[in-house]
Amino acid sequence: MKPKAKTAKNILSLNHEEAMDFFIKSEQYHGFELPEYFTFDEVLRYVRETVGYAPYEECVQEGLLPDELSDVNLDILLNKDGRYVVRSC
C-alpha cells in the first residue's frame with residue numbers, strides 16, 4: 001500500500017492560531033543549515049509569551065511601525081567555504 005502524500009497548505013488558508021504556530025518555529029526563519037547554537041527559539045518564546053494572540057494593532061506603538069526601526073535585522077552571509085559571517089545592518 002502506497003503511503004498517503006502530505007498536501008501543502010497555503011499560509012493564507014490558516015486561521016490565526018495555526019499561523020502563529022507556523023511562524024513561532026525557528027526553522028521558518030532560515031532555509032539553510034545553521035550551527036546548533038544559533039537558534040531563534042528564545043526570541044520566539046518571548047514573542048509567544050508577550051504578544052500571544054493579541055491583534056497586530058495592539059502590538060504596535062502608535063506612530064511607530066516595525067519596518068521603521070533600525071538595528072533589528074542581521075544579514076547572515078554564507079561564504080563559498082561554508083563558514084558563516086554575521087553582519088549587522
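Y29 sits in the loop that runs between helix 1 and helix 2. In this predicted model, Y29 has a relative accessibility of 42%, so it falls into the partly exposed class, the bracket that runs between the 20% limit for buried residues and the 50% limit for exposed ones. Y29 doesn't stand alone there: together with I11, L12, F22 and F23, it makes up a nonpolar patch on the surface, covering about 500 Å².

Stepping back to the overall layout, the protein chain has 3 helices and 2 strands. Read from the N terminus, the order is α-α-α-β-β, with the helices up front and the strands following. Of the 89 residues in the chain, just 10% count as buried, that is, with under 20% relative accessible area.

Helix 1 and helix 2 are also linked by a charged pair. The salt bridge count for the model comes to 1, and the partners are D21 and R48, whose closest N and O atoms lie 2.9 Å apart. D21 belongs to helix 1 and R48 to helix 2, so this pair ties together parts of the chain separated by 27 residues in sequence. As a general point, side chains carrying opposite charges can pair when their charged atoms come close. Neither partner counts as buried, because D21 has a relative accessible area of 36% and is partly exposed, and R48, at 28%, is partly exposed too.

Then there is the largest pocket, which holds about 770 Å³ of space. Its lining is built from 24 residues, and those lying nearest the centre are M20, V47, V51, Y56 and C59. Each of the three helices has a hand in it: helix 1 (16-23), helix 2 (41-50) and helix 3 (56-59) supply at least two lining residues apiece. Helix 1 gives the largest share, with 4 residues. As for chemistry, the lining splits into 20 nonpolar and 4 polar residues, with no charged ones at all.

Taken together, helix 1 turns up again and again in this picture. It carries D21, the acidic half of the salt bridge to R48 in helix 2, it provides the largest share of the pocket lining, and it is followed by the loop that holds Y29 on the way to helix 2. Helix 2, for its part, holds R48 and supplies at least two residues of the pocket lining.

Definitions and conventions
Residues are numbered from 1 along each chain as its sequence is written. This is a predicted model: local features need pLDDT of at least 70, side-chain atom pairs count only at pLDDT 80 or more; totals for chains, interfaces and linings use all residues. Side-chain values use heavy atoms; hydrogens and water are left out. On a 1 Å grid over the protein atoms alone, a cavity is a set of points where a 1.4 Å probe fits but cannot get out, and a pocket is an open set with protein on both sides within 12 Å along at least five of seven lines; lining residues have an atom within 4 Å of a point. Grid points are joined across faces, edges and corners, and a volume is the space filled by probe spheres set on the points. Ala, Val, Leu, Ile, Met, Phe, Trp, Tyr, Cys and Pro count as nonpolar, Asp, Glu, Lys and Arg as charged, and the others, Gly among them, as polar. Patches are made of residues with over 30% relative accessible area and no salt bridge: like charges are joined within 9 Å, nonpolar side chains (Val, Leu, Ile, Met, Phe, Trp, Tyr) within 5 Å. Accessible areas come from the Shrake-Rupley method with a 1.4 Å probe; for residues, only the protein chains shown count as cover. A salt bridge is a side-chain nitrogen of Lys or Arg within 4 Å of a carboxyl oxygen of Asp or Glu. Buried means under 20% relative accessible area, exposed over 50%, partly exposed in between (1.4 Å probe, protein chains only).
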